[in-house]
Amino acid sequence: MKHLQLTPEDVRKGSLILVNRQYPIDHALVQQNTALVPIEGHKDIALASCPAVLLTALIHDCGGEGTIVPVSGYREVSEQQRIYVDALHTHGEAFARQFVALPNCSEHQTGLAIDVGQAAETIDFICPDFPYEGVCQAFRQRASAYGFIQRYTAEKEAVTGIAHEPWHFRYVGAPHASLMEAHGFALEEYIDFLRAYPYPDNPLPFVHPQGNGSIGFVSVTQTGRVLQVPECWVQVSGNNVDGVILTVWD
């Protein structure tokens with residue numbers, strides 16, 4: 001066994017952080033702890049290093065080269081502010097609230113979110129076309145195998161507070177994307193679901209093509225917490241609400 005020191009900062013960073021109007025991010029903290037890289041073939045669009053590599057692999061796997069294009073990845077807080085104001089002035093408040101997050105309430109500021117579109121001469125930056133057919137649907141169906149989820153679906157609008165966005169995908173990693181897909185969870189629901197599986201008393205076992213293990217929620221107070229964990233691969237991600245999620249691979 002080894003000791004794992006958890007701090008309040010750990011709650012605010014990681015691939016499972018929940019970002020919305022209720023739970024904005026600490027942009028400076030996330031930026032400080034996120035290594036950004038350009039997406040292959042798209043030097044002006046960046047993601048965190050792991051999802052950037054996996055996005056390229058996903059597009060290749062579904063045969064999407066030349067058909068599926070990244071439209072918007074990581075955004076600075078100033079860019080998110082500009083996009084929101086432009087949408088407000090151009091389309092009105094109702095549209096802006098539905099499709100554009102307020103600064104520090106956008107997943108794009110994490111480096112974990114990507115908007116993708118079907119290649120065309122002109123692509124709408126806010127609402128790119130990404131249909132439920134052909135290679136775009138093949139991308140969608142394979143996304144969870146690469147750690148991505150379609151973040152804002154029509155049936156979860158009441159949960160997420162965001163209108164249906166067929167083009168917006170969020171990296172949460174393995175095995176979480178597959179579990180969320182199997183249970184039909186939005187990220188908000190998945191965060192709540194995991195609280196029923198505290199670590200180390202009652203973690204949730206999982207079976208995954210990359211390996212088996214368990215997932216457990218750990219509440220973290222302002223004074224932090226020290227845990228004993230196995231001498232194996234342990235991933236730590238905050239939920240940006242009240243604790244961290246441990247993914248322990250056997």
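The following dialogue concerns the pockets, a covered helix and the nonpolar cores of a predicted model.

Colleague: What makes the space of about 510 Å³ a pocket rather than a cavity?

Modeller: A cavity is a set of points from which a 1.4 Å probe cannot get out, whereas a pocket is an open set. The space of about 510 Å³ is classed as a pocket, the largest one, and therefore belongs to the open kind. Of its 28 lining residues, Gly14, Ser15, Cys50, Leu112 and Tyr171 are the closest to its centre.

Colleague: Which elements give two or more residues to that lining, and which gives the most?

Modeller: Helix H2 (49-61) and the strands E11 (233-238) and E12 (243-249) do so. E11 gives the most, with 4 residues.

Colleague: How is the lining of the largest pocket divided by class?

Modeller: There are 15 nonpolar, 12 polar and 1 charged residues. Gly14 and Ser15 are among the residues closest to the centre; both count as polar, because the polar class takes in whatever is neither on the nonpolar list nor Asp, Glu, Lys or Arg.

Colleague: What is known of the second largest pocket?

Modeller: Its space is about 310 Å³. Among its 19 lining residues, Ile149, Gln150, Thr153, Glu181 and Phe185 lie nearest the centre. Helix H5 (134-142), strand E6 (148-152) and helix H7 (176-183) each supply at least two lining residues, and the largest share, 4 residues, comes from E6. By class, the lining has 9 nonpolar, 5 polar and 5 charged residues. Glu181 counts as charged, because Glu belongs to that class.

Colleague: Why is helix H8 called mostly covered?

Modeller: A residue is buried when its relative accessible area is under 20%. In H8 (residues 187-194), 6 of the 8 residues are buried, so the helix is described as mostly covered. The buried residues are Leu187, Glu188, Tyr190, Ile191, Phe193 and Leu194.

Colleague: What makes the set of 23 residues a nonpolar core?

Modeller: Such a core requires buried residues of the listed nonpolar kinds, joined through side-chain atoms within 4.5 Å. The largest core has 23 residues, so each of them is buried and of a listed kind. Leu55, Ile68, Ile114, Phe130, Phe139, Phe148 and Phe169 have the most contacts inside it. Strands E3 (42-48), E5 (113-118) and E7 (165-171), together with H2 and H5, each give two or more residues to this core. Another core, of 19 residues, lies apart from it and includes Ile191, Leu204, Ile215 and Val241.

Colleague: Which residues does Phe148 touch, beyond those up to four places away in sequence?

Modeller: Phe148 touches Pro51, Leu54, Leu55, Leu58, Ile114, Ala143, Phe169, Arg170, Tyr171 and Ala177.

Notes. Residues are numbered from 1 along each chain as its sequence is written. This is a predicted model: local features need pLDDT of at least 70, side-chain atom pairs count only at pLDDT 80 or more; totals for chains, interfaces and linings use all residues. Side-chain values use heavy atoms; hydrogens and water are left out. On a 1 Å grid over the protein atoms alone, a cavity is a set of points where a 1.4 Å probe fits but cannot get out, and a pocket is an open set with protein on both sides within 12 Å along at least five of seven lines; lining residues have an atom within 4 Å of a point. Grid points are joined across faces, edges and corners, and a volume is the space filled by probe spheres set on the points. Buried means under 20% relative accessible area, exposed over 50%, partly exposed in between (1.4 Å probe, protein chains only). Contact means heavy atoms within 4.5 Å.
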